[in-house]
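Reader: Before I rely on the terms used for this protein, I should like to see each one justified. May we go through them in turn?

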Amino acid sequence: MKHHSPALHRPARRRLAVAVVVALAVTAGTAAATGPALAAPYAPASGAATAAEQTGPFVIAADANLRSAGSGGFVTSAFPETGPTTYQWNRPSDGTVTVLPSADRAQPAPMAAAEGERVARRTSATTYRILDMAGGAPVDLDVSAGGSGGELWEFTGDTLVMRKSDGNGATGLHLFSKPGDTTVHRVVTGLPADTRVARTAYSSGELAVQYRGTVGGRTEERLAVVDLATAKVVEDRAVPGVYPNATIALTPTHVAWATGRENTDVVLTTALRDGSQPPVRRTSLRPAGSFVNLRLVGDWLMYSKMTSVTGLSAVSLKDGTTLEGLLKNPGHFQGSGDELMVQGSTAKGGVGVYRIAPGADGRPAATLVANVGATTPTTVATQQAPATADFRRATSTAALRWTYGRSDLWVDLRVTHKATGRSWNTYQQILGTDTEAAFAWDGAYSDRSAALNGDYTWKMTASPLSGLGGTVERTGTLRVDSGVAAHGYSDTGTADLLVRNEWGHLLSYDVRQFLDPRYAGWTQRPHGAGWYIYDRLLSAGNLDATPYSDVLAREKSTGVLWFYSGKGTTLATRTQVGRGWNAYTTLAAGSDLTGDGRPDLVATDKDGVLWLYKATGDGAKPFAARKRIGGGWGTYNLLTAPGDIGGAKTGDLLARDRDGVLWLYLGKGDGTFAPRTKVGGGWGAFTQIVNIGDADRDGRADLIAESGTKPDPWITLYKGTGNWKAPFGPADNVGVPPYGSDDAVKPRALPF
């Protein structure tokens with residue numbers, strides 16, 4: 001089973017997702033028949049491991065999550081890619097692994113006993129079955145006497161502790177047990193009528209209850225202790241400022257809780273239950289905001305913060321000694337008494353389930369109970385990696401694949417452009433019986449911008465999820481050659497959108513990046529300042545001997561037309577094309593209108609005459625003498641040359657009239673056009689209509705239009721269909737691109 005990276009940036013490594021809540025919800029409103037008082041003894045499922053079958057260290061699956069624990073074993077859950085969650089009872093003493101009966105999808109998960117080897121699972125809306133994993137007879141409990149809508153909060157080994165709301169926000173605690181043939185229901189007494197239970201903790205026949213309620217006319221946070229034998233509150237104290245995102249802890253002599261609020265320190269406090277001494281502040285954690293686990297083990301307060309780099313720590317109740325780093329990446333605490341089970345890792349034992357208990361010196365020590373994931377050496381069996389990659393089509397990928405001698409691996413892959421250091425990084429988790437990691441790079445960096453042409457290195461790292469077996473690496477090289485895009489200014493083989501901002505800077509934006517919904521930002525490429533001197537800029541296609549796209553710019557004060565030769569990722573120093581170009585009201589470049597493979601230029605003068613400037617291929621003199629095409633073009637206020645829209649080999653022309661109707665002129669390849677055809681109305685809403693080339697890499701020319709109030713234009717993409725009768729698909733609203741927090745990169749318009 002593989003878990004692929006869904007994200008574009010690798011998240012912080014979190015190999016094990018440990019269940020946060022062990023209390024199980026009970027669905028309200030549905031009554032069910034109670035099962036038999038004594039059913040047949042529970043038999044482990046066939047195929048469960050036995051002591052005779054167990055070899056080497058006790059190992060559980062890499063996707064197993066510790067859910068709860070008793071003195072005889074623990075329950076793990078696994079979340080497969082398909083199908084329901086599976087649960088297992090694990091007995092480390094003899095290596096027995098028993099698959100628990102599946103619950104209905106509408107039912108909550110099983111839950112382990114706090115003592116012994118018993119597991120409670122809900123079988124209907126109001127019934128629970130207690131399974132004796134040592135082979136004793138199961139017991140069925142009917143909890144309907146507590147009313148509908150109850151929640152299972154604790155399982156003490158023979159008693160279910162249910163939390164029930166009265167519908168007005170107050171909650172009561174109900175106890176259910178079955179010492180004989182009849183279910184016994186008791187309601188905990190001694191809590192205020194407006195009690196709202198927030199946390200509970202079980203220890204040695206008693207229950208600690210953190211709640212909010214009114215005592216002596218004052219409503220506050222409080223901590224009570226309930227004697228489960230009598231179902232009565234035997235202790236109650238105020239705990240002002242209690243931290244809501246932390247557990248509580250209880251032993252026969254002490255209680256522990258946390259105070260604080262988000263973005264403040266969280267103070268861990270203990271108190272003697274006999275009240276002979278005031279509460280003691282043991283330690284503080286900061287900053288707050290994450291979940292804090294507390295537990296009392298012997299004379300030590302155990303604690304961990306889910307985001308803490310110190311891991312599982314402890315502070316002595318006797319002398320204040322602090323121990324840090326007992327476990328890395330600890331999960332929630334499970335179990336009871338002076339032992340607890342925690343899922344985490346150590347340098348020696350790797351990732352696994354650990355028992356935390358006082359050692360010979362009285363200090364808490366972590367003992368490996370079961371490894372999580374395989375422990376055999378990590379080896380590479382096969383490798384597949386290409387020498388070259390071409391991403392000029394949207395479906396193009398570069399396949400990199402490895403198989404390993406084991407499963408339970410975290411496989412990380414990074415592909416890096418040698419010249420710039422820009423990279424694509426992804427990962428997979430290999431679980432279960434799977435031993436293969438297969439990656440398909442689509443030619444985009446982790447920020448979803450198109451990969452530059454050139455040389456790359458790749459590095460694969462396979463790390464064991466268990467921390468045991470060693471890490472292996474493989475490295476190699478590949479070369480990306482995605483060709484040259486007709487409107488590309490980044491040497492990626494992908495079209496770019498040119499933008500001039502309010503300060504006269506010319507920028508290009510990778511069209512592939514802002515069309516990808518998985519990435520919210522745009523990576524800009526600067527092309528110099530001072531572009532405010534021009535009143536017309538044209539993305540002209542390739543006009544000279546280089547393979548890259550060029551830019552034409554008309555100087556507004558002189559009417560001089562300048563040529564900027566593209567150099568892949570930059571523009572060369574400008575050269576003059578000619579003077580007198582301010583005689584034209586509209587200009588359009590980028591379509592091959594003459595059938596020689598080079599993009600030409602058209603211009604409309606003030607008398608409405610359309611002139612053709614045939615491209616020469618010579619950067620020193622990019623156009624031949626002008627040729628008159630025809631008159632009457634003064635009716636149009638915008639021209640754009642999108643390339644081949646109609647499906648022929650030569651380029652076409654789009655013209656918008658003053659009523660906002662867009663017309664298509666199919667080029668014949670000799671500098672003339674077929675009779676115009678109507679594309680549609682409503683195009684007057686756009687301030688600019690821009691030739692962009694093949695934005696979506698499907699082999700057809702597309703169109704970008706700008707609308708909205710400057711300086712925040714709304715960008716719309718019209719994808720080409722290749723059908724001249726209906727040349728564009730429906731509008732694809734790209735939105736207002738996030739040009740960054742620096743106003744210097746915010747565009748003013750798209751004047752091309």
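Reader: What makes β52 and β53 a pair of strands?

Author: In this predicted model, two strands pair if at least two bridges are found between them. Strand β52 (residues 662-665) and β53 are joined by three bridges in the antiparallel sense, so they satisfy the rule. One of the contacts brings together Leu-664 and Thr-677, the latter being the bridge partner in β53.

Reader: Which sheet holds these strands, and what is the order within that sheet?

Author: The order is β50-β51-β52-β53, an open sheet of four strands with antiparallel pairing. Its edge strands are β50 (636-643) and β53 (677-680), each of which pairs on one side only. Neighbouring strands of this sheet are turned by 30° against each other on average, with direction ignored.

Reader: Why are β20 and β23 said to stand at the edges of their sheet?

Author: That sheet is also described as open, with four antiparallel strands in the order β20-β21-β22-β23. β20 (249-250) and β23 (280-285) each have a single partner strand, so one side of each is left without a neighbour in the sheet. For β20, two bridges connect the strand with β21 (residues 254-259) in the antiparallel sense. As the rule asks for at least two bridges, β20 and β21 therefore count as paired. Within this pairing, Ala-249 has Ala-256 of β21 as its bridge partner.

Reader: Why is the pair of Tyr-534 and Tyr-564 called edge-to-face?

Author: Two rings pair if their centres lie within 6.5 Å, and planes over 60 degrees apart count as edge-to-face. Tyr-534 and Tyr-564 have a centre-to-centre distance of 6.3 Å and an angle of 85° between the planes, so both conditions are met. Tyr-534 belongs to strand β42 (residues 534-541) and Tyr-564 to strand β44 (residues 561-564), so the pair ties together parts that are 30 residues apart in sequence.

Reader: How do you know whether Tyr-534 and Tyr-564 are buried or exposed?

Author: Buried means under 20% relative accessible area. Tyr-534 has 2% and is therefore buried. Tyr-564, with 10%, is buried as well.

Reader: What makes Tyr-584 and Tyr-613 an aromatic pair?

Author: Their centres are 6.2 Å apart, so the pair falls within the limit of 6.5 Å. The planes stand at 85°, and the pair is edge-to-face. Distant parts of the chain are linked here: Tyr-584 lies in strand β46 (residues 584-591) and Tyr-613 in strand β48 (residues 610-613), 29 residues apart. Tyr-584 is buried, its relative accessible area being 5%, and Tyr-613 counts as buried at 9%.

Reader: How many aromatic pairs does this rule give?

Author: The count comes to 24 aromatic pairs. Ring pairs also link Phe-391, Trp-424, Trp-441, Tyr-445 and Tyr-456 into a cluster.

Reader: What is known of the cavities, and which residues lie nearest the centre of the largest?

Author: Four cavities of 30 Å³ or more are found in the whole structure. The largest has a volume of about 80 Å³. Its lining comprises 13 residues, with Val-143, Gly-146, Gly-147, Gly-150 and Met-162 nearest the centre. Strands β13 (159-165) and β14 (171-177) each supply at least two residues of this lining.

Reader: How do the lining residues of the largest cavity divide by character?

Author: Five are nonpolar, seven polar and one charged. Glycine counts as polar under the scheme used, so Gly-146, Gly-147 and Gly-150 of the lining are placed in the polar group.

Definitions and conventions: Residues numbered from 1 in each chain as written. Predicted model: local features only at pLDDT ≥ 70, side-chain atom pairs only at ≥ 80, totals over all residues. Heavy atoms only, no water. 1 Å grid on protein atoms, 1.4 Å probe; cavity = no way out; pocket = protein on both sides within 12 Å on 5 of 7 lines; lining within 4 Å. Points joined across faces, edges and corners; volume = space filled by probe spheres on them. Axes fitted to C-alpha atoms, helices over the stretch in contact; angles between N-to-C directions. Phe/Tyr/Trp six-rings, centres within 6.5 Å; stacked < 30°, edge-to-face > 60°. Buried < 20%, exposed > 50% of the residue type's maximum accessible area, 1.4 Å probe, protein only.
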